[in-house]
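Reader: Could you take me through one part of this model up close? I'd like to start with a single charged contact and then see where it leads.

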Amino acid sequence: MASDTFTRRQVTRRSVLVGGAAAVGGLVVGGLAGNALAPKSSSGGGGGTSRGSIKVVGIFPIGGAIASDGKEMQNGVKMAVDEINARGGLIGYHLDYVVIDDKDSSTDQITTAFNRAVSVEKADVIFSGYHLASGPEFDIVANAGTLYYNVNTQIAWVQRYKGAPSKYWGIFQCDPTESWYGQGFAYWVDGALNAGLLNSKVKTCSIISGKSAYGTVIATGFETQIKQLGWSVLTNDGVSEGAVPDWGPVLSKVKQASPTVLFTSDFSPADDAAMAKAWSASPTKTLVYQQYGPSVPEYLNLAGPAANGIVWATVLGLLPDKIGNDFRTRYAAKFGAQPGWANAGGCYDEVNVWAAAVAQAGDPKNYKAVAKATESVIWRGTTGSISFVDHTGVQFPAQTADASIGQPHIIVQIQDGVQKVVSPTPFTSGTFVLPTWMR
């Protein structure tokens with residue numbers, strides 16, 4: 001589903017390495033070399049901090065129900081900001097960083113946080129991960145004429161932007177949308193079955209959808225695509241994310257149907273861990289897919305051995321390559337723990353995308369020039385190559401077959417407590433193994 005935009009751009013890996021580096025200088029070179037620019041005093045940052053300061057605001061849900069994910073977001077942004085300052089700043093400007101907690105990320109809390117960012121803090125740029133009640137922040141930022149970079153993973157954002165690009169010119173979603181999850185996994189699991197990897201030739205599945213807009217988009221996309229591939233949906237239920245008191249009743253329907261695949265789109269790490277435990281107590285020969293939750297470090301702590309064999313995915317994946325692993329090493333040294341598989345790297349990347357655009361524009365206070373530069377940036381970060389269509393990241397391999405301009409939709413399996421990326425090549429760190437309960 002690559003659009004004509006990609007054909008017109010004729011972007012190649014060589015143009016990224018040569019043309020991109022020429023456009024934005026050392027920042028892009030650093031990113032493409034592995035984001036491995038270790039903090040160094042006054043080197044590569046533009047000659048000190050004599051030009052002034054840039055007000056950088058991070059808004060994260062660090063005091064509420066998704067605090068474990070919020071901490072990942074906060075750490076990723078802080079790490080990028082600290083590294084830029086340690087290199088002497090950004091083209092001579094020091095980054096003055098302020099964190100705002102939007103707690104449970106409700107509509108009112110988001111509104112309060114973003115109003116503070118633009119009216120009180122006078123942010124030059126705002127960074128965030130995702131927000132549970134995402135929506136009010138976009139008009140607040142647009143009306144203030146401020147730059148805003150996030151990884152909300154929303155198809156709703158694309159629709160909003162396309163409806164009023166002149167209004168939302170300063171906002172960038174630095175990852176692909178959630179609409180790719182269901183479609184992408186449908187293709188992968190159909191291929192796995194056809195290749196004999198699932199110990200079954202029966203194309204049947206069950207769906208347990210999260211009832212949020214996010215969960216519904218993902219589950220609907222999977223259902224539509226899997227049916228087109230000739231599969232039958234045996235059961236289809238829904239749960240409210242973060243509020244599943246007992247997985248027994250909904251899982252019992254699945255176990256009675258005994259499909260080849262169970263697809264779920266509840267993104268809550270605690271929910272997913274509880275489900276894994278309930279499933280492992282009396283499983284059927286069914287491959288279990290969970291959505292996003294296993295990417296958060298607390299999931300493995302909560303699920304324990306019950307997580308082994310589970311498959312999950314993200315379009316914002318911290319890759320197991322030189323760039324990703326170098327980030328893991330530096331992150332662990334800084335924060336005393338390994339990062340999760342999504343928001344730490346994703347939020348780190350978005351700061352560097354903005355920094356590359358500032359370097360190209362030459363003036364961090366000229367927001368429209370920075371936004372225009374962002375549209376043409378191709379940043380090889382920890383989550384893949386970030387480029388933009390409709391101010392949103394591009395998914396590899398379904399949206400583009402060119403890995404040099406896309407972020408991989410990684411499919412991961414937990415094996416003996418270790419996360420193994422099993423798709424897509426060339427970003428894999430292991431191969432799919434049939435779960436013990438399916439043998």
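Author: Let's start with Lys78, which forms a salt bridge with Asp82; the closest N and O atoms of the pair are 3.1 Å apart. Keep in mind that this is a predicted model. Why do Lys78 and Asp82 end up within reach of each other? They sit four residues apart in helix α4 (residues 67-86), so about one helical turn separates them. An α-helix has 3.6 residues a turn, so residues three or four places apart point the same way. As for solvent, Lys78 is partly exposed at 34% relative accessibility, and Asp82 is partly exposed too, at 25%.

You'll find that arrangement again in helix α9 (residues 213-228), where Lys227 and Glu223 are four residues apart, about one helical turn. Those two form a salt bridge with their closest N and O atoms 3.0 Å apart. Lys227 is partly exposed, with a relative accessible area of 45%, and Glu223 counts as partly exposed at 22%.

Now for a pair that isn't within one helix. Lys253 forms a salt bridge with Asp237, with 3.3 Å between the closest N and O atoms. This one links distant parts of the chain: Lys253 is in helix α10 and Asp237 is in strand β7, 16 residues apart. Lys253 is partly exposed, at 43% relative accessible area. Salt bridges can also join up, and Lys55, Arg116 and Glu121 are linked in a network of them. Across the whole structure, a search finds 14 salt bridges.

The Lys253 contact takes us to a sheet, so to speak, by way of β7. Seven strands make up this open sheet, in the order β7-β6-β8-β9-β10-β17-β18, and the pairing is mixed. Its edge strands are β7 (232-239) and β18 (418-423), each of which pairs on one side only. On average, neighbouring strands here are turned by 25° against each other, direction ignored. At the β18 end, strand β17 (residues 410-415) pairs with β18 in the antiparallel sense over five bridges, and the bridge partner of Ile414 is Gln419 in β18.

Two helices to look at against this sheet are α8 and α10. Helix α8 (residues 179-194) packs on the sheet and touches β8 (261-264), β9 (287-291), β10 (311-314), β17 and β18. The direction of α8 makes about 160° with that of β9. Helix α10 (residues 248-257), home of Lys253, packs on the sheet as well, touching β6 (204-210), β7 and β8. Its direction makes about 175° with that of β7.

Next, have a look at helix α13 (residues 322-335). It has 14 residues and reaches 20 Å from its first C-alpha to its last, close to the 20 Å expected at 1.5 Å a residue. The buried residues in α13 include Ile323, Phe327 and Tyr331, along with Arg328 and Arg330. Right after α13 comes Gly336, whose phi is positive, near 75°.

Last, the cysteines. The structure holds zero disulfides. Cys174 is in none, and the nearest cysteine sulfur, that of Cys347, is 9.0 Å away. That distance is too far for a bond. Cys174 is buried, with a relative accessible area of 1%, and Cys347 is buried at 0%.

Technical notes: Residues are numbered from 1 along each chain as its sequence is written. This is a predicted model: local features need pLDDT of at least 70, side-chain atom pairs count only at pLDDT 80 or more; totals for chains, interfaces and linings use all residues. Side-chain values use heavy atoms; hydrogens and water are left out. Two strands pair if DSSP finds at least two bridges between them. Axes are lines fitted to C-alpha atoms, for helices over the stretch in contact, and angles run from 0 to 180 degrees between N-to-C directions. Contact means heavy atoms within 4.5 Å. The expected span of a helix is 1.5 Å times one less than its number of residues. Buried means under 20% relative accessible area, exposed over 50%, partly exposed in between (1.4 Å probe, protein chains only). A disulfide is a pair of cysteine sulfur atoms within 2.5 Å. A salt bridge is a side-chain nitrogen of Lys or Arg within 4 Å of a carboxyl oxygen of Asp or Glu.
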